[in-house]
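Work through these short exercises with the structure in view. Each one sets a task and then solves it in steps.

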Amino acid sequence: MHALRPLLRKSLFNLFAAGLACAALLAPGAARAEALLLIEADSGKVLQADNATIPWYPASVTKIMTAYVTLKAVKDGKLTLDTLLTVSPTAASQSPSKMGFRPGTQLTVDNALKMMMVKSANDMAVVLAEGVGGSIDGFSAMMNDTAKKLGMTQTSYVNPNGLPADGQITSARDLGILARAFLRDLPEYEYFVHIPAIRFGKRITGNFNKLIGRYPGADGFKTGFICASGYNLVASATRNGRRLIAVVLGANSGTARAVKAAQLLERGFSQDNLTWLRPSLGTVDNLVAVDASPPNLRDEMCGPNRKRPASDDDDALIAANGSTTGSASATGGEAQVTFFTAGLQPPLMKASELMASAPAAAEPVLVYTGPTRTGPALIAAVAADADQQTVAKPRGKKSRVAKKPDAADKPKDGNKDAGKESKTAAAKPTAKPDAKTDTKSDTKTAAKPAGTKHAAAKHDAAAKPAEKPAATGDQAPKPAKPKAATKPAATKPANNS
């Protein structure tokens, strides 16, 4: 009997450990809404899934499908990367983030894709949609048809950029399926999802995916943010020939989503010793869909209790100041978890510190307007775009206002996963449109004659008449919301990223 006690004790311990592991797997997500998914890119095997089949507003991760449909058309010979597309009034009128080109401006499919995937430009998404599908509606039908063929049963699209709309819905499961399809079907165009930065004229915009250049092996995909969805991210990384895809939906901040994605990926690469205790989750295609309405996080992300207006710019400020306090609190303490590489090697930097650090140095990819150029012609095209940016500034009435055009441009970045370039200008416009759409837009005309801030907005509007609504985004949400109001769902946030 005494000889059996150690065995019994060991068996009870194993049962207890297994119970804890199962409880962790079956426990509901955090009090706040959030969806997480980790899968193997090649096999589609699910390594972790939390709320992965709950419907969700995709925000700018929509642009993965926009790129997929466009590049499939290129691969099928319906157009080429050198095909010239024209910016229409509809494209120019999109809410930030956007490039802000005037109607009639021409650029190639290649440059439009790079601008859309790195800067998350809403106007470029519409330019591509109109160029490939003839119209937003025509292209949306192509997107929905593609989603059906890929088995994305929880997804529907009504626009190519992810700006707020009731019918714009997906799930972490479907995004995992889409990311796998992109890598499988379009390997020759994979570079579009991991460009570290672009340079347009004098302006450099870094990729809003914070894992690029920071997390070892990070090599894709796309970010997204609107108030209703929270901070979304589809990310991939490769290590030792094994590629994983992580999906994070509904995070509290841009840094939080990057930290969570890094932790998911690291967990997958480290091959947790308790994996044998976990039940098999099958493949991503076989995850059972949940019949429910997508959660609306608008009040939480952009409501009056938010310390500051929600935008992807908030975390750019945290990173620039070298502080991780904000990101740590945003992740509910998860940012303080140190993850390990396989084989019990020394711990890597904390996830929060990793995401707050400067990205690895990388040469930005040149983007420009007009036809495809090389050599001296390319240099001349880049210089011409830079000259146009310079010409726009002197139009201000006051010397102080001359600096505002740059800030007014940046809201376009801030609305999405705006990087460091838009950190002060973009952070405020994004959230305010959601929280105070009507009051701000109503005061637009009365505000124009006032102080320098409104002068700056007025100046920018003069510089870019076709984008008048988006230009004033540097101040309050004045124009940004009116534009969002024209979208299918006026009740949702206009700050997409």
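Two strands count as paired if DSSP finds at least two bridges between them. The model is predicted.

**Exercise 1.** Find how β5 and β6 pair, and look at the turn that joins them.

Solution. Start with β5, residues 197-200. Its pairing with β6 is antiparallel and runs over four bridges. One opposing pair is R199 and I204. Next, take the hairpin: two residues lie between the strands. There G201 has a positive phi near 60 degrees.

**Exercise 2.** Work out which side chains of β6 are buried.

Solution. Buried means under 20% relative accessible area. Go along residues 203-206. R203 and T205 point to one face and are buried. I204 and G206 point to the other face and are not buried.

**Exercise 3.** Put the strands of the sheet in order.

Solution. The open sheet has three strands, in the order β6-β5-β10, with mixed pairing. Its edge strands are β6 and β10 (365-367), each pairing on one side only. From one strand to the next, the twist averages 30 degrees. Now add the parallel pair: β5 and β10 share three bridges. I198 has V365 of β10 as its bridge partner. Helix α4 (residues 109-119) packs on this sheet and touches β5, β6 and β10. Its direction makes about 125 degrees with that of β5.

**Exercise 4.** Describe the second largest cavity.

Solution. Its volume is about 30 Å³. The lining consists of M99, K119, I198, F200, R203 and T205. β5 and β6 are the elements that give two or more residues to this lining. Sort the lining by type: three nonpolar, one polar and two charged.

Definitions and conventions. Residues are numbered from 1 along each chain as its sequence is written. This is a predicted model: local features need pLDDT of at least 70, side-chain atom pairs count only at pLDDT 80 or more; totals for chains, interfaces and linings use all residues. Side-chain values use heavy atoms; hydrogens and water are left out. Buried means under 20% relative accessible area, exposed over 50%, partly exposed in between (1.4 Å probe, protein chains only). On a 1 Å grid over the protein atoms alone, a cavity is a set of points where a 1.4 Å probe fits but cannot get out, and a pocket is an open set with protein on both sides within 12 Å along at least five of seven lines; lining residues have an atom within 4 Å of a point. Grid points are joined across faces, edges and corners, and a volume is the space filled by probe spheres set on the points. Ala, Val, Leu, Ile, Met, Phe, Trp, Tyr, Cys and Pro count as nonpolar, Asp, Glu, Lys and Arg as charged, and the others, Gly among them, as polar. Axes are lines fitted to C-alpha atoms, for helices over the stretch in contact, and angles run from 0 to 180 degrees between N-to-C directions. Contact means heavy atoms within 4.5 Å.
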